[in-house]
Amino acid sequence: MKKMPLKIKNQKEKPSVLTVVLFVFLIIYIVGLFIPIIWSIYGSMRNPTGYGKLSNTNYIQWYDSEEINFLFSNYVNAFQNIKIVRNDVEFNYISLFDNSLLYSFGCAFFYTLSPLLAAYAAARFKFKFSGIIYAFVLIAMSLPIVGSMPSEMKVLNDIGLFDTFAGAFLLKFNFISIYFFILYAQFQSIPFDYSEAAKIDGASNFKIMWKIIIPQAIGTIVTVFLLCFINFWNDYSTPRVYLQSYPTIAETIQIIATTGQINGGQLTHTPEKIASAVIVTIPIVAVFIVLNRRLRVNVAMGGIKG
């Protein structure tokens with residue numbers, strides 16, 4: 001007589017009170033993040049004429065019965081009127097975007113490459129200085145470094161790289177950052193059996209790094225690059241000091257936000273100013289969409305395809 005298998009009913013566990021509270025708090029937090037975005041898009045398409053009557057107030061109304069038209073012309077005016085003059089050279093919105101893209105991509109590349117190489121050497125090669133590199137980065141990040149800007153400017157000026165993109169990239173080619181520890185942990189989590197098997201087959205150290213280890217850590221590397229790109233895209237203070245002849249769009253928006261005016265174009269209405277700030281976020285969204293698939297890559301640790 002065959003025994004019938006027992007059917008076990010799947011009983012769903014009821015969420016605890018703490019889980020419910022955390023979930024509600026998370027929902028409120030997410031909604032709070034979207035409110036400034038929605039407000040910015042809404043405010044950027046308001047009627048500039050009707051918006052002007054609110055200039056003497058410290059708040060912005062969400063809805064005005066006398067102003068219901070949404071205008072995309074504010075974005076056109078922002079593109080046409082935002083200009084800045086540096087050293088008798090006029091930079092329009094396109095040239096400001098070009099400077100920002102070059103600065104952000106270049107600095108993000110070198111700021112990712114340097115800790116990648118240092119973390120790989122410290123994590124994958126067991127030599128007596130590997131522990132010293134790790135300790136050096138840890139101590140260097142723990143100690144506050146104050147007053148390094150004059151010395152950096154002096155060095156760049158002496159080697160002829162001050163006020164150049166190459167000089168800005170050179171400053172970012174250092175591995176003393178939190179990303180060193182992130183990449184170090186990622187490289188150490190990859191089994192050493194892959195490297196040993198590749199060495200037996202005659203692969204060089206560079207081929208092992210490029211063909212075997214890097215593909216397995218590409219998700220973390222792309223994430224680090226994206227975070228660096230966002231940081232440098234929003235950075236306005238560093239280009240103002242080290243790239244005085246090449247203003248960026250973030251620096252221009254910061255001038256508009258603090259002084260309310262720019263030395264090249266006329267941007268008198270608040271919706272146009274908000275539209276200019278919204279346009280700045282487009283490259284960030286575009287980069288995230290392009291790299292979103294990489295960010296969600298699940299590294300398969302079971303084997304490597306040839």
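**Exercise 1. In which helix is the place of phenylalanine 105? Work out how exposed the residue is and what surrounds it.**

*Solution.* The model is a predicted one. Begin with the secondary structure, where phenylalanine 105 has its place in helix α4. Next, take the relative accessibility of phenylalanine 105, which is 37%; because buried means under 20% and exposed over 50%, this residue counts as partly exposed. Then look for partners beyond the neighbours within four places in sequence, and phenylalanine 105 is found in contact with Phe225, Phe229 and Val287. Finally, compare positions along the chain with positions in space: phenylalanine 105 and cysteine 228 are 123 residues apart in sequence, while their C-alpha atoms are separated by 8.7 Å.

**Exercise 2. How many disulfides does a search of the whole structure find? Account for the result with cysteine 107 and cysteine 228.**

*Solution.* The search finds 0 disulfides. To see why, recall that a disulfide needs two cysteine sulfur atoms within 2.5 Å. For cysteine 107, the closest cysteine sulfur belongs to cysteine 228 and lies 9.8 Å away, which is too far for a bond. Approached from the other side, the closest cysteine sulfur to that of cysteine 228 is the one in cysteine 107, again at 9.8 Å and too far for a bond. As for their surroundings, cysteine 107 is buried with a relative accessible area of 0%, and cysteine 228 also counts as buried, at 1% relative accessibility.

**Exercise 3. At roughly what angle do the axes of helix α3 and helix α14 cross? Describe the contact between these helices.**

*Solution.* Helix α3 covers residues 73–81 and helix α14 residues 270–280, and their axes come within 8 Å and cross at roughly 80 degrees. That angle makes α3 roughly perpendicular to α14, since crossings of 65 to 115 degrees are classed in this way. The residues that meet are, on the α3 side, Asn74, Tyr75, Asn77, Ala78 and Phe79, and on the α14 side, Pro271, Glu272, Ala275, Ser276, Val278 and Ile279. Sorted by class, this contact of α3 with α14 has 7 nonpolar, 3 polar and 1 charged residues. A further residue to place is isoleucine 274, whose C-alpha atom is separated by 6.7 Å from that of glycine 43, although the two are 231 residues apart along the chain. Glycine 43 itself is found in helix α1, residues 17–44, and is buried, with a relative accessible area of 2%.

**Exercise 4. Which residues have the most contacts inside the largest nonpolar core? Follow one of them outward.**

*Solution.* The largest nonpolar core has 60 residues, and Tyr93, Phe180, Phe187 and Ile249 are those with the most contacts inside it. Helix α4, residues 93–124, gives the most to this core, with 13 residues. Taking phenylalanine 187 as the example and leaving out residues up to four places away in sequence, one finds that it touches Leu116, Ala119, Tyr120, Ala123, Arg124, Ile213, Ile214 and Ala217. For the chain as a whole, 37% of the 306 residues count as buried.

**Exercise 5. Where does aspartate 163 lie, and what is the sign of its phi?**

*Solution.* Aspartate 163 lies in the loop between α6 (148–158) and α7 (165–172). Its phi is near 65 degrees, a positive value in a residue other than glycine. Most residues other than glycine have a negative phi. At 17% relative accessibility, aspartate 163 counts as buried.

Definitions and conventions. Residues are numbered from 1 along each chain as its sequence is written. This is a predicted model: local features need pLDDT of at least 70, side-chain atom pairs count only at pLDDT 80 or more; totals for chains, interfaces and linings use all residues. Side-chain values use heavy atoms; hydrogens and water are left out. Buried means under 20% relative accessible area, exposed over 50%, partly exposed in between (1.4 Å probe, protein chains only). Axes are lines fitted to C-alpha atoms, for helices over the stretch in contact, and angles run from 0 to 180 degrees between N-to-C directions. Helices (H or I, at least four residues) and strands (E, at least two) are DSSP runs, numbered from the N terminus. Angles under 35 degrees count as roughly parallel, over 145 as roughly antiparallel, 65 to 115 as roughly perpendicular and the rest as oblique. Contact means heavy atoms within 4.5 Å. Ala, Val, Leu, Ile, Met, Phe, Trp, Tyr, Cys and Pro count as nonpolar, Asp, Glu, Lys and Arg as charged, and the others, Gly among them, as polar. A nonpolar core is a set of buried Ala, Val, Leu, Ile, Met, Phe, Trp, Tyr and Cys residues joined through side-chain atoms within 4.5 Å.
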